[in-house]
Amino acid sequence: MRYLIKNGFVVTSKETTQMDLLIEEEKIKRIAPTIEAEESMEVIDAKGNYIFPGFIDAHTHFDLEVAGTVTADDFSSGTKAAIAGGNTCIIDFATQNKGETLEEASEHWHKKADGKSSCDYGFHMAVTDWNQQTKDDLKAMFEEGITSFKLYMTYDTKVSDGEIFEILTELKKYGGIVGVHCENGAIIDELVKKQKENGNFSPSAHPLTRPAEVEAEAVNRLLYIAKLVDIPIVVVHLSSKLGFKEAEQAIEQGQTVFLETCPQYLLMDDSKYQLDGFESAKYVCSPPLRKKEDADCLWKALKENKLHTISTDHCSFNFTQKEMGKEDFTKIPNGMPGVQHRAELLYTYGVLEEKITVSQMCKYLAENPARLYGLYPKKGCIKEGSDADLVIWNGNASETVTKENQLYHMDYSPLEGVEIKGKPDKVFLRGQMVVDHGCVIKENCGLYVKRSTMENEIL
Ligand code: URP
Ligand code: ZN
Ligand code: ZN
Ligand code: ZN
């Protein structure tokens with residue numbers, strides 16, 4: 001099928017220009033101010049609409065086992081929600097279980113995802129068991145197109161500072177990039193003890209055990225380790241002003257540091273932990289929601305191009321699963337959903353409120369994740385020869401988020417009642433129309449993408 005998309009405003013990280021696009025096979029074949037229609041082409045009039053490159057959510061956890069349970073969304077429901085939200089590619093965190101090799105973890109994740117995904121997908125590998133075998137397996141990861149890794153500084157998946165140093169040293173040889181969950185696990189354990197001694201077992205204790213200092217200290221420590229190794233580093237889900245200040249200082253001193261934040265840290269605050277009953281459990285994620293001044297700082301940093309990507313950290317649980325922590329907040333499985341509404345939220349509360357431009361939206365949601373994680377220029381941009389992953393954006397659409405109109409396998413929405421404007425009207429995945437009039441019309445067309453290492457400039 002050849003599609004000719006006419007009269008849309010093509011968005012890049014630099015500008016927005018009215019252009020016609022010809023899609024042939026899986027690729028963008030031609031881009032020009034006017035392309036004449038031929039009989040064999042299906043013509044789509046995108047007049048008045050933005051056309052974005054397919055969005056990339058570089059931080060999802062689908063079908064992840066945590067705390068004796070498994071996330072509500074697997075690859076089937078998660079990627080269907082993703083594509084409805086304009087994401088033509090996600091990068092999920094394959095996670096090494098203790099005692100498992102990286103090869104086994106990668107196979108395990110392929111079993112979860114292959115044949116069940118409605119958008120393209122790649123894997124980061126979360127290294128949780130560092131030993132000789134893990135080290136030997138790294139080469140195979142790169143051959144399989146897993147070129148980015150995740151390390152935790154907290155949870156029982158954490159690695160020690162010495163291990164972080166060794167892992168970064170090893171990955172540097174391959175040109176790998178590492179994203180790190182920065183929170184000081186040992187201090188969190190102490191703060192948890194204190195809350196429990198004081199008799200606070202409710203979700204309101206959660207943010208008190210993970211204050212911004214705990215993130216900032218870990219960011220600072222990580223940055224020095226990465227500086228010693230002399231390797232670029234990614235701080236994932238950055239949530240606080242204090243943490244940002246640590247990173248900003250290192251960047252000003254010439255260190256290569258990439259910063260990811262998430263919509264929840266821009267749009268929600270810690271007042272959610274004061275809700276009645278057990279409602280607050282819905283917002284238990286790590287790092288926790290912060291204060292308004294933290295969100296203001298992150299928005300300002302986005303405006304000034306001082307952050308690099310916005311991902312969702314989609315990690316969904318049903319309320320019934322959250323209730324596992326009814327008597328003890330540390331047993332609440334951590335995480336929130338997000339993959340479906342990321343672009344709509346950034347458009348409504350970022351672009352329309354003039355906190356970021358539409359080109360910055362394109363950069364944070366598509367181009368930079370592609371550049372950082374070895375997908376560019378195959379994905380993340382609208383260029384001749386790139387994958388025809390496209391979002392025709394209807395800026396006039398409006399909707400109220402409810403648990404009924406989300407595609408997650410979840411029994412609540414943390415965004416219940418939130419108004420959003422703008423919505424993907426049509427989404428093309430490698431030249432196939434998979435969303436039309438905002439509805440997913442084709443499922444399970446997603447393929448695994450082998451990624452290369454970062455070789456492009458990050459904007
Ligand atoms: O609470 C969260 N963010 N859960 C997902 C796992 C992680 O830390 O990224
Ligand atoms: Zn994390
Ligand atoms: Zn995460
Ligand atoms: Zn329509």
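Which residue takes a positive phi just after α6? In this predicted model, that residue is D230, with a phi of about 65°. The helix that precedes D230 covers residues 212–229, and its length can be checked with simple arithmetic: at 1.5 Å a residue, its 18 residues should span 26 Å, and the end C-alpha atoms are indeed 26 Å apart, in agreement with that expectation. Along α6, the buried residues are A212, V214, E215, A216, A218, V219, L222, L223 and A226. It helps to recall that an α-helix has 3.6 residues a turn, so residues three or four places apart point the same way.

A comparable picture emerges at helix α1, residues 75–84. Here 9 of the 10 residues are buried, so the helix is largely enclosed by the rest of the structure. The buried set consists of F75, S77, G78, T79, K80, A81, A82, I83 and A84. Just after α1 there is again a positive phi, this time of about 90° at G86.

Attention then turns to the sheet. Eight strands form an open sheet with parallel pairing, in the order β6-β9-β10-β11-β12-β13-β14-β15. At its edges stand β6 and β15 (309–310), each with a single partner strand, so one side of each is left without a neighbour in the sheet. Strand β9, residues 87–95, has 9 of its 9 residues buried and is therefore largely enclosed by the rest of the structure. On one side, β9 runs parallel to β6 (residues 55–60), to which 4 bridges join it; within this pairing, D57 stands opposite I90. With β10 (residues 120–126), β9 pairs in the parallel sense over 7 bridges, and F93 has H124 of β10 as its bridge partner. The connection between these two strands involves helix α2 (residues 102–113), and β9, α2 and β10 together make a right-handed β-α-β unit.

The surroundings of ligand 1 comprise H61, H181, C285, S286, D313, C315, N334 and G335. By character, this shell divides into 2 nonpolar, 5 polar and 1 charged residues. One member of the shell, S286, is also joined to P287 by a cis peptide bond, with omega of about -5°. P287 itself lies in the loop between α8 (263–267) and α9 (292–303).

A second cis peptide bond, with omega of about 5°, links Y376 and P377. P377 is in the loop between α12 and β16, and L375 also has its place in the loop between α12 (358–372) and β16 (390–400). With 29 C-beta neighbours inside 10 Å, L375 counts as buried. The C-alpha atoms of L375 and P337 are 24 Å apart, the two residues being separated by 38 residues along the chain.

Two further residues other than glycine have positive phi values. N7 has a phi near 70° and is found in strand β1, residues 2–11; with 15 C-beta neighbours inside 10 Å, N7 counts as partly exposed. D63, with a phi of about 50°, lies in the loop between β6 and β7 (65–66). Because D63 has 20 C-beta neighbours inside 10 Å, this residue counts as buried.

Finally, an unreviewed UniProt entry lists residues 50–434 as "domain: Amidohydrolase-related". In the model, this span is 36% helix and 19% strand, and its end C-alpha atoms lie 18 Å apart.

Conventions: Residues numbered from 1 in each chain as written. Chains lettered and ligands numbered in written order. Predicted model: local features only at pLDDT ≥ 70, side-chain atom pairs only at ≥ 80, totals over all residues. Near = placed C-beta within 6 Å. Nonpolar A, V, L, I, M, F, W, Y, C, P; charged D, E, K, R; others polar. Expected span 1.5 Å × (residues − 1). Buried ≥ 20, exposed ≤ 12 C-beta atoms within 10 Å, placed from the backbone. Pairing = 2+ DSSP bridges. Right-handed = clockwise from strand over helix to strand, strands pointing away. UniProt positions renumbered as here; feature names shortened; annotations may be inferred.
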